[in-house]
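Let's take a walk through this structure together, one piece at a time. Keep the sequence and the 3D view open as you read.

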Amino acid sequence: MIQIKDLHKSYKMGKNSLHVLKGINFNVEEGELVAIMGSSGSGKSTLLNILGMLDSSDSGEYILDNVPIKDLNETKAARYRNKFLGFVFQSFNLINYKSAAENVALPLYYQKVPRKERQEKALKYLEQVGLKEWAGHLPSELSGGQKQRVAIARALAAEPKVLLADEPTGALDSKTSYEVMDLIQKINDAGNTILIVTHEPDIADMCKRIVHLKDGVIIEDKKIEQVRAEQYV
Amino acid sequence: MFDRDIWQEIYHSISNNKLRTFLTGFSVGWGIFILVLLLASVKGMQNGFTLQFSDDATNSIFVRTGTTSLAYGGFEAGRRIQMTNDDIEYIKRSFPNDVEYISPRVYQNTSARYKSETGSYNIQAVYPDHQAIEKTIVNKGRFINTNDLLNASKVAVIGRKVEEDLFKNEDAIGKFVEFNGLPFRVIGVFTDDGDDNAERNIYAPTSTYQKMYGQTNHIDQIALTYNPNYDLTEALAFSDRLENVFRRRFKIAPKDQSGIRIFNYAEVFEDISNFTGGLDIAVIIVGLLILLSGIVGIGNIMVFIIKERTKEIGVRKALGAEPWSIIKLVLFESVFITALSGFIGLGIATGLLAIVGPNIKTGAFANPSVSMSIVVTATIILIVAGVLAGLIPAMKAARVKPIVALSDK
């Protein structure tokens with residue numbers, strides 16, 4: 001699903017150049033649940049940005065679902081993001097004046113899906129995350145865990161190839177974190193490819209594979225026995 | 001492009017920021033309000049001028065003669081030019097299609113007496129046509145007629161003030177009043193919208209005065225109106241022709257300003273329309289500048305909104321919003337706010353004018369109002385203004401990097 005070859009990225013900070021990614025090589029197969037771990041400054045966020053087409057690499061290859069991702073202008077990048085990727089953010093990033101259903105329907109709006117179909121799909125995905133009866137509520141009326149579940153429903157609504165989650169449990173307490181992880185595991189069970197950036201070992205343990213980044217290189221890449229979140233819920 | 005979702009977005013954005021939207025819209029509404037009021041004021045001035053001069057027929061020309069200042073045609077300077085009744089006939093013959101009404105004026109000061117009341121007044125000895133030239137309103141009795149003129153009758157049409165002064169509470173019609181000791185019968189009383197002073201005038205037949213004072217046919221002035229269908233150019237051309245004919249007739253040098261003076265109201269109107277036209281342009285410039293500050297205000301606030309919504313825009317982009325859809329959103333919101341508030345300003349201004357306008361009628365200012373063309377122009381300006389105001393912020397929004405969605409600030 002994802003093939004990355006010798007990916008380099010450096011940022012210019014005044015006169016100095018900061019080499020953040022120093023040759024990353026890794027592949028993700030369909031249906032994987034990968035945790036990308038690393039301390040801050042390890043380059044994990046930069047990697048996620050490049051995977052998410054929010055940033056471009058200096059050199060190297062990135063192939064997503066057999067489509068080489070390079071030389072994207074903004075419009076094209078937007079289309080690819082919309083088509084291939086679903087984002088889950090640490091701070092949920094729901095649009096606060098839109099109801100849960102409207103938030104979920106937003107990626108579909110950018111896919112130019114007709115209004116009625118959009119609403120039906122939004123409800124379907126809200127149901128999948130167990131929030132159907134909250135469809136008409138504004139994000140401010142939801143708890144943190146509920147917000148993240150709406151965000152996950154939003155990421156799923158576009159039916160992306162890969163789900164990218166940036167510290168999805170970073171703003172949640174441990175009980176809610178496990179609930180969210182339980183949901184992510186179930187989505188993964190259904191066959192979705194998911195990448196999670198996290199620095200919490202217990203969250204990483206709930207994935208099927210851990211990629212450890214340090215100073216811009218992968219120092220460890222191992223498959224693990226998944227810890228099911230269900231038991232903590 | 002005008003799908004329901006865009007409107008929903010705009011509705012959300014506005015209803016979540018009511019104060020901001022109000023403040024933004026206010027500046028534009030205010031700009032349009034002032035622009036419309038200014039334009040209406042110029043219109044009011046125009047109306048006022050027209051009203052002031054419409055007391056006299058606006059197509060009138062006055063011919064006055066004096067003393068020549070230049071030697072010409074074998075005559076020395078300092079010759080007195082005297083017009084006579086023949087000149088009236090001459091004009092009538094020479095310009096049968098141009099002249100509508102024509103009357104001489106013979107001026108005479110008189111002390112008038114009725115019973116024990118006396119007063120000093122100006123008498124103008126005129127033809128019946130004079131009523132139409134001065135638009136004299138006779139509200140009691142009648143004006144001088146052809147018979148009075150033929151018979152050189154000692155009749156007088158007196159102003160309302162004269163009647164008030166001399167006759168007190170009596171009805172002047174049919175009474176005899178003495179002018180310089182000679183009895184005249186009052187046949188009419190007139191009023192004048194123009195001013196009270198005009199109502200201190202007295203009209204009498206020209207022939208009467210010419211007979212009383214030396215059997216002459218001298219006249220002091222010729223007042224006439226030209227064909228009312230003439231436009232400004234034709235009117236000015238006619239008075240030029242008239243002047244040329246008179247200069248030839250009396251052998252006055254072409255550049256001699258004191259030998260003959262022809263006063264054409266059209267010239268005044270030309271001046272006024274030039275003046276108000278210039279004022280119109282000045283007002284439009286001032287109005288547009290005021291509006292410009294409104295536009296800058298909207299642009300400014302839109303930039304601020306974009307800054308405030310940077311994260312939201314980033315999220316939208318991460319979810320797949322193309323730059324154009326973001327530009328569209330900002331632009332539509334800007335145009336919508338501008339147009340809506342502009343229309344409110346326009347509505348209030350035109351409403352105010354519709355209610356207050358007709359009641360305003362003082363001196364040189366009457367019935368300020370706006371024409372449809374101003375309203376249409378203002379509308380177009382508003383929409384253009386909205387686009388302009390939204391353009392820079394929209395482009396700024398389109399440049400927002402979706403990466404900001406990930407940064408947790």
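**A hairpin, a helix and an interface**

In chain B, strands β7(B) and β8(B), the latter covering residues 182-191, pair in the antiparallel sense over four bridges. Please bear in mind as you look that this is a predicted model.

Start with the turn of this hairpin. Two residues lie between β7(B) and β8(B), and N180(B) takes a positive phi near 50 degrees there. If you would like a pair to fix the register by eye, find F176(B) in β7(B): its bridge partner in β8(B) is R185(B).

Now look at the other neighbour of β7(B). Strand β3 of chain B, residues 99-114, is joined to β7(B) by two bridges, and these two strands also run antiparallel. Here the pair to look for is R113(B), which stands opposite E178(B) of β7(B).

With both partners in view, which residues of β7(B) are on its covered face, and which on its uncovered one? The strand spans residues 176-179. V177(B) and F179(B) make up the covered face, while F176(B) and E178(B) belong to the uncovered one. The residue facing R113(B), E178(B), is thus on the uncovered face, and so is F176(B), the bridge partner of R185(B).

Let's move to chain A and its helix α4, residues 115-128. α4(A) has 14 residues and reaches 20 Å from its first C-alpha to its last, close to the 20 Å expected at 1.5 Å a residue. Its buried residues are R118(A), K121(A), A122(A), Y125(A) and L126(A). Viewed down the axis of α4(A), the buried residues fall within an arc of 135 degrees, so they line one face of the helix. The spacing fits a general rule: an α-helix has 3.6 residues a turn, so residues three or four places apart point the same way.

What covers these buried residues of α4(A)? The cover includes α3 and α5 of chain A, with α5 running over residues 144-157. Turn the helix around and you find the exposed residues K116(A) and E117(A) on the face turned away from the buried side. Just after α4(A), G130(A) takes a positive phi of about 75 degrees.

Finally, bring the two chains together. The contact takes 25 residues from chain A and 19 residues from chain B. On the side of chain A that touches chain B, the elements giving two or more residues are α2 (74-84) and α3 (100-110) of chain A. α2(A) gives the most, with six residues. By class, this side of chain A has eleven nonpolar, seven polar and seven charged residues.

Notes
Residues are numbered from 1 along each chain as its sequence is written. Chains are lettered from A and ligands numbered from 1 in the order in which they are written. This is a predicted model: local features need pLDDT of at least 70, side-chain atom pairs count only at pLDDT 80 or more; totals for chains, interfaces and linings use all residues. Two residues are in contact if their C-beta atoms, placed from the backbone, lie within 7 Å. Ala, Val, Leu, Ile, Met, Phe, Trp, Tyr, Cys and Pro count as nonpolar, Asp, Glu, Lys and Arg as charged, and the others, Gly among them, as polar. A residue is buried if 20 or more other C-beta atoms lie within 10 Å of its own, exposed if 12 or fewer, and partly exposed in between; C-beta atoms are placed from the backbone. Two strands pair if DSSP finds at least two bridges between them. The expected span of a helix is 1.5 Å times one less than its number of residues. The arc is that of the directions from the helix axis to the C-beta atoms.
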